[in-house]
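Please open the structure in your viewer and keep the selection panel at hand. The tour below suggests what to select at each stop and says what is there.

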Amino acid sequence: MSLLQQRLQQFRTQNNPTTVQDETKPVPPSRLTQLRQAKEAIMREAVDTIDVDAMSRMSGSDWNKYLSEAVTALAERVVREMDLTLTRAETHRLIAEVVSEIDGYGPITGLLADRTVNEIMVNGPNRVYVERGGKLELTDVTFKDEDHVMRILERIVAPLGKRIDESSPMVDARLPDGSRVNATIPPVSLNGPVITIRKFSATPYQMSDLIKFGTLNTSMALFLKACVEGRTNIIVSGGTGSGKTTTLNVLSSFIPETERIITIEDAAELHLQQEHVVRLECRPANIEGKGRIPIRDVVINSLRMRPDRIVVGEVRGGEALDMLQAMNTGHDGSLTTGHANSPRDLLSRLETMVLMAGVELPVRAIREQIVGGIDLIVHQSRLKDGSRKITKITEVVGMEGDVITLQDIFVFEEQGVGEGGKVMGSFKATGVIPKLLPALEARGIVVPMSIFQ
């Protein structure tokens, strides 16, 4: 039985869970019941009338057209037989929701298509949140019950050859558009099935977009562009949801087309636009606990692939040591991200991660590796109003005794809270001239001194 047949067959014995509403006004309970009954009837008819074999031979656009036309015809007939009179909005939404149940992701299909939504969080069947503009919102989207959440979750992971059940209650997956999915079910989750989807823009952001969003200013953008082109090693640090991956994507866009780039990730989120890109992804263990390929092994292997640049989505453990060694042995211009609350905190976390590699090194030796490998830390924060800003661009200067010395080149200074809770502030150059400028000039990269004033 094909995947689509399985989806359709589920609706023989399951009531349809999605609520059909007129978007212009609240729907009376009696009307809501009628609309649910209409949808259930359409789904039952779909099981018997939609030509699954024909659809399996169609291209994506033909598939969508056929399914839309078939569901529209079914809806017209069912509504007529039930003697219902629907508004145009009700009719369109009824058809759209049936199509999404058959060929989409059920109630959250609309949220996935909504470009203003950055993240979707399903905390059980009746609590679906989204993040818009950095702020969380509770939506009116609901599932029928936990079984319905599980069906949608299985629809996400099954095409990827993954499974989620009591023996394997956590899974990371990726939608066809690149959106990252994490799911947790009982017994690990006490709230029932929980799904978190981080969406990514279909069109990759450019530096001009970050300037427009207020993530940084033009002077900072010019400096970072010069640093990437001049092959400095950069780590983007910040907390969860601060926009590290987005910034890493934008920075990677400045890598010349003539270079061979190897990206390494836990779950592929990077979208590099260059032609010569090799994408590597680590692999979790299978259900039997075998077959795991950790990110550290992938980093080590990448060094044998003649990379000009290595871009690691995020360092979390022992791979930090291999990344630092790569940065110290001729792989200049490498980029990565790391979780931290400040540039100084990132250094402490890197020391801890290096020790996780199982190699006993003196603290001073680890710090020397850090100083030799990392040139710049770009620290990003999500502020109280939900905005994401690069709050510090910090240069790793050297060591004084056993202490790594840092100097801030640019900072964001908060100046209070304005109307609507908006954080007020400005980006400022500290007046410090980066010590890496001579290295950039040696590579032919000229940075205007005026941006540091």
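The stops run from the whole chain to a sheet, one of its edges and a cavity.

This is a predicted model, in which local features need pLDDT of at least 70 and side-chain atom pairs count only at pLDDT 80 or more, while totals for chains, interfaces and linings use all residues. Residues are numbered from 1 along each chain as its sequence is written, and side-chain values use heavy atoms, with hydrogens and water left out.

Begin with the whole protein chain, which holds 15 helices and 15 strands, taken as DSSP runs (H or I of at least four residues for helices, E of at least two for strands) and numbered from the N terminus. Of its 453 residues, 50% count as buried, meaning under 20% relative accessible area with a 1.4 Å probe and protein chains only.

Next, select the open sheet, where six strands follow the order S3-S2-S1-S6-S5-S4 with antiparallel pairing; two strands pair if DSSP finds at least two bridges between them. Its edge strands are S3 (135-138) and S4 (170-174), each of which pairs on one side only. At the S3 end, four bridges join S3 to strand S2 (residues 128-132), and Val130 has Glu137 in S3 as its bridge partner.

Add helix H7 (residues 146-157), which packs on the sheet and touches strand S1 (119-123), S4, strand S5 (180-184) and strand S6 (194-198); contact here means heavy atoms within 4.5 Å.

Now move to the other edge and show the side chains of S4. Which of them are buried, and which are not? Val171 and Ala173 point to one face and are buried, whereas Met170, Asp172 and Arg174 point to the other and are not. In a regular strand the side chains alternate between the two faces of the sheet. Five bridges join S4 to its antiparallel neighbour S5, with Arg174 standing opposite Arg180. Between these two strands the hairpin has five residues, and there Gly178 takes a positive phi near 95°.

Finally, select Ile235, Val315, Ala320, Met323, Leu324, Thr336 and Leu350, which line the largest cavity, a cavity being a set of points on a 1 Å grid over the protein atoms alone where a 1.4 Å probe fits but cannot get out, with lining residues having an atom within 4 Å of a point. Helix H12 (residues 319-328) supplies the largest share of this lining, three residues.

Key. Axes fitted to C-alpha atoms, helices over the stretch in contact; angles between N-to-C directions. 1 Å grid on protein atoms, 1.4 Å probe; cavity = no way out; pocket = protein on both sides within 12 Å on 5 of 7 lines; lining within 4 Å.
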